[in-house]
Amino acid sequence: MNVKTRESLIRGNPISHGIAIGNLALFTHDNGAIPQRDVPLSEVPHELDRYDEALKNTKKDLQRLKEQLESDRSQEAAAILETHLQLLDDPILVTEIKDNIVKTKKNADYVFQCFLLQYQKKFNEIKDLFFRERGCDLLDISRRVLGHLRGAERSSLALMPPNTIVFSHEVAASDVAEVDLQNICAIISDTGGNTSHAAIVAKAKGIPYVANVSYELIESALNTEVIVDAQAGDIILFPSKKTLSKFHRARKQIYATFQELEKICPLKAETYDGYKMGLVANIEMVNEIELLHQYGVAGVGLFRSEYIFLSKQKFPTEEEQFDIYSRIVSEMRGLPIVIRTFDIGGDKLTIEQQATHKGNPYLGCRAIRFLLREPDIFRAQIRAILRASEKGNVSIMFPMISDLSELIEAKELIAEVQNELSHSGKTIEKKVRIGCMIEVPSAAMIADLLAKECDFIAIGTNDLVQYLLAVDRSNQAVNKLYNPMHPALIRMLKLVVGQASQYGVPVSVCGEIAGDPRFTPLLIGLGINELSVSLRNLPLIKKVIRHTSVVRCHELVEEVQSLSTPGEIQDLLNQEFQSTFPEEYHHIALT
């Protein structure tokens, strides 16, 4: 094998942001074969006791990790391990395994490994990313049980040496929960997505994490120093001294820059010539609201409601949702919050959808299509949101609208539920703003028709770019073609704003470009009324707004419209940003 020692860059999918420099190590679970052993009838009770003890010890492991996460105020991550604890009471893991031990009269660890291999094969045959990630939950638990049965020391990320960057083909949630931040500085994996349980735990713990990186591409760099730039999703192998020095500086600069940026949080988001720009937050976890208030944010432009049950095995009931929404709305302290109804599908599917899921989830029964086909699920969520609306300033937003009829049908359901709640004596907010997301080209082309039926419109550029350019950015073969600086997207944004403005309907952007400071002047110039960004990007975007003028923003739009390629647009936006801000801001922007 030819070993490459020249600096090279591998691009994956950024899951949890940050920059890390460390030694690359491979992490694998011990899947060695266990010999089968015939068990005399008189010893079967002993094997059953061994299995019960393994389940008991596994519960202790998970309970300890859960309590650690709770002490760190990572409630969503802790909820995932609570689900794992519940799975340990599943009849498959309890009754079925015990029955097989009795039936086969084989040693418990052999019987259990047969079960594990059987289910691992099933999950590996599932093409959909979400299902494979959810399969990780069961396999994660099973590995722990098997480790206790074997009595051998189990592979654990807690045992990795200091300054390690870990590569694993798949990463489970409890693996990440065990990470000692003094030892592991980043995680890379072959599989995984933004909604995986491992991703949620990594974000909660602040561990840089990049997924969708093939082992074959980085194998030659094992046991050498590598760089993980989880801002951009880049892995740099065999970095030169110059590159190492650059990223050491960048890591320090990013920390210092964000410390400096936090000073402008109390200031208004307006250009220096007085144009007021809406700036709100995207959130997916309840514990983010505390940081939102620290940053002085004006509200939440996108609450991804599906995250409240991605750590569960089924849809939450109306009462479970009402409790969560009520807590969130109350903690907003009167600030506005836009709750997006469940965006199920694509990389966000539930266990309950496995039976009916077919084909490409991004092009199938996703989001509003799924909800309209499952009126009981949709109705329960709308009832819960409307009941919680009495506690604050709540708006409802529908995802993945592709046709006017979908929006009208969804609005009709809201009207029905409002009448039901009123007649049953429930107190609700009489006027709840209703909006829709534009994430597919068909919706952009009929933005004027949708605007007539909406109080606001939000453009989800992440999906819009994928559908517009026919590029799946999780596909390593084509993800380089995913480019939000494509002229087609710029033209589509201008089209949507123009059509919505005819009816006085405000337009926001809540995709990744809203948090990219290079885009900020361009979006202002295009007439976007509000930017909804992740909390970590809010201070920087506010600074960019305050250091530009609306006149210059309009000039920039004209310059961009004269260009023909994504590369030309990228060069112009980079140049504009670099000419305005000092070097310490450049790495943050250019990722």
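Reader: Why are H1 and H3 called roughly antiparallel to each other?

Author: The axes of helix H1 (residues 44-71) and helix H3 (residues 92-104) cross at roughly 155°, and an angle over 145 degrees counts as roughly antiparallel, whereas under 35 is roughly parallel, 65 to 115 roughly perpendicular and the rest oblique; H1 and H3 are therefore roughly antiparallel. The angle is taken between N-to-C directions on a scale from 0 to 180 degrees, with axes fitted to C-alpha atoms, for helices over the stretch in contact. This is a predicted model, in which local features need pLDDT of at least 70 and side-chain atom pairs count only at pLDDT 80 or more, while totals for chains, interfaces and linings use all residues. Residues are numbered from 1 along each chain as its sequence is written, and side-chain values use heavy atoms, with hydrogens and water left out.

Reader: How do you know which residues of H1 meet H3?

Author: Contact means heavy atoms within 4.5 Å, and on the H1 side Val 44, Glu 47, Leu 48, Tyr 51, Asp 52 and Leu 55 meet Leu 93, Val 94, Ile 97, Lys 98, Ile 101 and Val 102 of H3. By class, this contact has nine nonpolar, no polar and three charged residues, where Ala, Val, Leu, Ile, Met, Phe, Trp, Tyr, Cys and Pro count as nonpolar, Asp, Glu, Lys and Arg as charged, and the others, Gly among them, as polar. The axes of H1 and H3 come within 10 Å, and H1 passes H3 in a right-handed crossing, a name used when the near helix is turned clockwise from the far one by less than a right angle, left-handed being the anticlockwise case.

Reader: What makes H13 parallel, antiparallel, perpendicular or oblique to H14?

Author: The axes of helix H13 (residues 375-388) and helix H14 (residues 404-423) come within 10 Å and cross at roughly 60°. That value falls outside the ranges for the other classes, so H13 is oblique to H14. H13 also passes H14 in a right-handed crossing. Among the residues that meet in this pair are Phe 378, Ile 382 and Leu 386 in H13, and Leu 413, Val 417 and Leu 421 in H14; the whole contact divides into eight nonpolar, one polar and five charged residues.

Reader: What makes S1 and S2 the edge strands of the sheet?

Author: The open sheet has eight strands in the order S1-S8-S7-S3-S4-S5-S6-S2, with mixed pairing, and strand S1 (8-11) and strand S2 (13-16) each pair on one side only. Two strands pair if DSSP finds at least two bridges between them; S1 and S8 run antiparallel and are joined by four bridges, with Leu 9 standing opposite Ile 236 in S8. From one strand to the next the twist averages 30°.

Reader: How do you know that the pairing in the sheet is mixed?

Author: Strand S4 (residues 164-168) and strand S5 (residues 184-189) pair in the parallel sense over five bridges, and Ile 165 has Ala 186 in S5 as its bridge partner. S7 and S8, by contrast, run antiparallel and are joined by three bridges, with Val 228 opposite Ile 235 in S8. S7 and S8 form a hairpin with four residues between them, and in its turn Gly 233 has a positive phi of about 90°.

Reader: Why is H7 called largely enclosed?

Author: Buried means under 20% relative accessible area, exposed over 50% and partly exposed in between, with a 1.4 Å probe and protein chains only. Seven of the nine residues of H7 are buried, so the helix is largely enclosed by the rest of the structure; among them are His 197, Ile 200, Val 201 and Lys 205. Helix H7 (residues 197-205) lies across S2 and strand S6 (209-211), at about 60° to S2, and just after H7, Gly 206 takes a positive phi of about 75°.

Reader: Why does Thr 548 count as buried or exposed?

Author: Its relative accessibility is 7%, and because this lies under the 20% limit, Thr 548 counts as buried. Thr 548 sits in the loop between helix H20 (538-546) and helix H21 (550-561). Leaving aside residues up to four places away in sequence, Thr 548 touches Thr 271, Tyr 272, Asp 273, Pro 521, Ile 524 and Cys 553.

Note on methods. Helix = DSSP H or I, 4+ residues; strand = E, 2+ residues; numbered from the N terminus.
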